[in-house]
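Dear colleague,

I am handing over the structure below, and after it I set out what was found there. Please read the notes with the coordinates open beside them.

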Amino acid sequence: MAFLWFLAGITIIGFSRADADPDIDGLSAAEEALLKQLTMMGDPAEKLDEEQVQQLMKTLLPQVAARLGLTAQQPVPFKLLRRYELKAILLKSFDRDFPPAKRRGMTIAYQQLGLFPPSIDLDRVLIDLYSKELAGFYDPFEKTLNLIAETPALEQMVTLEHELGHALQDQAFDLKQLLLAAVDNDDQELARMAVIEGDVLRLLLPEESRGVASDFPDETQSDGLLEQLASSVAEQVDQSQAPPLLTKRLIFPYTEGLKFIRSIAKQNSGMQTLRDPPRSTEQVLHPQKYEAREEPQVVPVAWLATLVQKEGWALSYHNVLGEWATRVYFELAGMPAGEIDRAASGWGGDGIFLLTKDNHLVTTWISTWDSLQDASEFQRAYVKSVERKAATSASAAGRVVVFCGESQHLSADLKWHLVNDPFPPKAAPTIDTSASPHTSFDATRSSKP
Ligand SMILES: [Zn+2]
């Protein structure tokens with residue numbers, strides 16, 4: 001779901017420095033006057049012009065760098081965008097990061113799994129979700145900081161600070177590479193987004209405690225911040241018509257990211273999370289699993305593609321849901337929290353695969369679990385959640401395989417292999433197993449499901 005590579009300035013104004021004294025050390029008299037004018041006396045409708053943004057950036061960049069423990073290596077290019085320009089830019093970036101064939105594949109697979117409603121215009125939903133309250137964003141592909149011209153000045157300042165944080169992360173860690181490494185693995189991508197956002201959110205912590213590592217405030221101090229953050233972000237995305245999975249996904253990096261960073265900071269003296277990002281949302285949700293390096297099990301795409309090809313099926317789309325999306329799945333099914341915990345804990349790894357043959361579409365969700373008991377708890381919960389829907393599942397040796405959509409067209413033999421065949425031993429790290437044939441999607445799908 002690469003459209004999230006926009007490191008968006010979801011406006012975090014509610015608890016930002018809205019009422020902070022603009023008296024910041026090291027400002028020139030002119031800069032101080034500008035800040036004062038904007039924050040104290042400025043007309044709330046006032047907007048920054050390009051020159052003012054430049055001036056502010058010059059002041060803020062070293063400050064943000066110092067507060068995040070990073071070094072500014074070069075100036076950050078910026079653009080002042082008009083809101084009407086946003087739609088075209090978003091569309092272009094979706095096509096670049098998340099091509100139409102993948103968007104269609106995702107839509108069908110998620111619909112069959114019950115994660116998206118039966119009718120959804122994903123493009124429209126995404127544009128809506130991302131453009132509505134956007135005050136600015138940092139694009140790690142263009143290496144450019146974008147600010148929306150129509151946003152009130154105060155909000156622009158807060159956004160600028162946040163996005164400068166991303167620009168500095170990018171200079172130090174190459175965010176584009178960090179995110180590209182998680183292509184076709186939404187679970188891993190979301191985990192990376194969580195450390196990227198969580199790390200920058202340190203800027204919002206009180207001055208004396210926003211430093212790195214051991215200076216991190218204790219939980220009671222930052223719990224209030226987390227609550228404000230969650231409700232502020234939720235308020236903004238709630239107004240959209242997007243399916244809950246997408247809005248929840250937008251919120252996750254902020255709230256769970258900050259919690260994760262806080263937890264890691266308490267344990268370690270160095271903030272290595274961006275250098276060595278978590279591999280899964282499981283690791284973000286359970287930081288002890290990150291520290292223990294409990295790696296997610298990969299369901300090998302090449303293994304599956306070979307298996308289904310023998311019976312004439314093509315693999316049209318694949319991805320990883322992860323523990324977080326598994327939890328959301330059960331939430332959407334109306335399951336109480338305690339049951340969700342039982343069903344989703346012990347997640348070991350998973351893969352969702354959209355298979356196509358003669359215009360038939362089947363989504364299979366293969367998950368592996370830490371123990372046989374974890375597997376059977378998940379399967380029992382899953383079966384309960386789909387009582388009235390056409391889906392089947394089978395399990396063996398800690399693996400649960402779910403078949404959705406037109407699964408009656410899958411042969412019993414193929415199903416058996418998907419459930420029982422051992423995964424081939426891990427390929428050498430130089431071989432890219434993600435380079436699977438999803439290009440066949442357009443060719444194989446000539447009519448609507
Ligand atoms: Zn951000």
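Asn146 has its place in strand β4, which covers residues 144-148, and because 25 C-beta neighbours lie inside 10 Å, against a threshold of 20 or more, Asn146 counts as buried. Please bear in mind, here and throughout, that this is a predicted model. When residues up to four places away in sequence are not counted, Asn146 touches Lys79, Leu81, Gly136, Phe137 and Asp139. Asn146 can also be set against Arg82, from which it is 64 residues apart in sequence, while the C-alpha to C-alpha distance is 10.0 Å.

As for the chain as a whole, its secondary structure comes to 18 helices and 9 strands, and 43% of its 449 residues count as buried. If one takes the contacts between residues at least 6 apart in sequence, 75% of them join residues that are at least 24 apart.

The largest nonpolar core has 97 residues, and the members that touch the most other members are Val53, Met57, Ala109, Leu160, Leu164 and Ala194. Helix α10, residues 244-267, gives the most to this core, contributing 10 residues, and the core draws at least three residues from each of domain 1 (2-291) and domain 2 (301-444). For Ala109, one of those highly connected members, the contacts that remain once neighbours within four places in sequence are left aside are Tyr317, Ile352, Leu354 and Thr363.

Leu164, another of the residues named for that core, comes up again when one looks at Val64, since the C-alpha atoms of the two are separated by 7.1 Å although they are 100 residues apart along the chain. Val64 has its place in helix α2, residues 50-68, and it is buried, because 23 other C-beta atoms lie within 10 Å and 20 or more are enough for that class. Leaving aside neighbours within four places in sequence, Val64 is in contact with Glu161, Leu164, Gly165, Leu168 and Leu203.

Two consecutive positions in helix α10 deserve a careful look, and the question to ask of each is whether it is buried or partly exposed. Ser263, which has its place in α10, has 19 other C-beta atoms within 10 Å and is therefore partly exposed, given that a buried residue needs 20 or more. Ile264, also found in helix α10, has 23 C-beta neighbours inside 10 Å and so counts as buried. The C-alpha atoms of Ser263 and His286, 23 residues apart along the chain, are separated by 9.5 Å, and those of Ile264 and Glu291, 27 residues apart along the chain, are separated by 8.2 Å. With neighbours within four places in sequence again left aside, Ile264 is in contact with Thr273 and Pro287.

Next comes a pair of helices. Helix α15, residues 337-344, packs with helix α16, residues 372-385, at an angle of about 130°, and their axes are 7 Å apart. That angle makes α15 oblique to α16, because it falls neither in the range of 65 to 115 degrees nor over 145. On the α15 side the residues that meet the partner are Glu339, Arg342 and Ala343, and on the α16 side they are Glu377, Phe378 and Ala381. The residues of this contact divide into 3 nonpolar and 3 charged, with no polar ones.

Finally, there is the matter of backbone angles. Most residues other than glycine have a negative phi. Which values does one find at Asp174 and Asn359? Asp174, although it is not a glycine, has a positive phi of about 55°, and Asn359, likewise not a glycine, has a positive phi of about 65°. Asp174 is found in the loop between α6 (153-173) and α7 (175-180), whereas Asn359 has its place in the loop between β6 (347-357) and β7 (360-369). Asp174 has 13 other C-beta atoms within 10 Å and is therefore partly exposed, since an exposed residue would have 12 or fewer. Asn359 is partly exposed as well, with 13 other C-beta atoms within 10 Å.

With best regards

Technical notes. Residues numbered from 1 in each chain as written. Predicted model: local features only at pLDDT ≥ 70, side-chain atom pairs only at ≥ 80, totals over all residues. Axes fitted to C-alpha atoms, helices over the stretch in contact; angles between N-to-C directions. Helix = DSSP H or I, 4+ residues; strand = E, 2+ residues; numbered from the N terminus. Parallel < 35°, antiparallel > 145°, perpendicular 65-115°, else oblique. Contact = placed C-beta atoms within 7 Å. Nonpolar A, V, L, I, M, F, W, Y, C, P; charged D, E, K, R; others polar. Core = buried A, V, L, I, M, F, W, Y, C linked by C-beta atoms within 7 Å. Domains from an automatic or database assignment.
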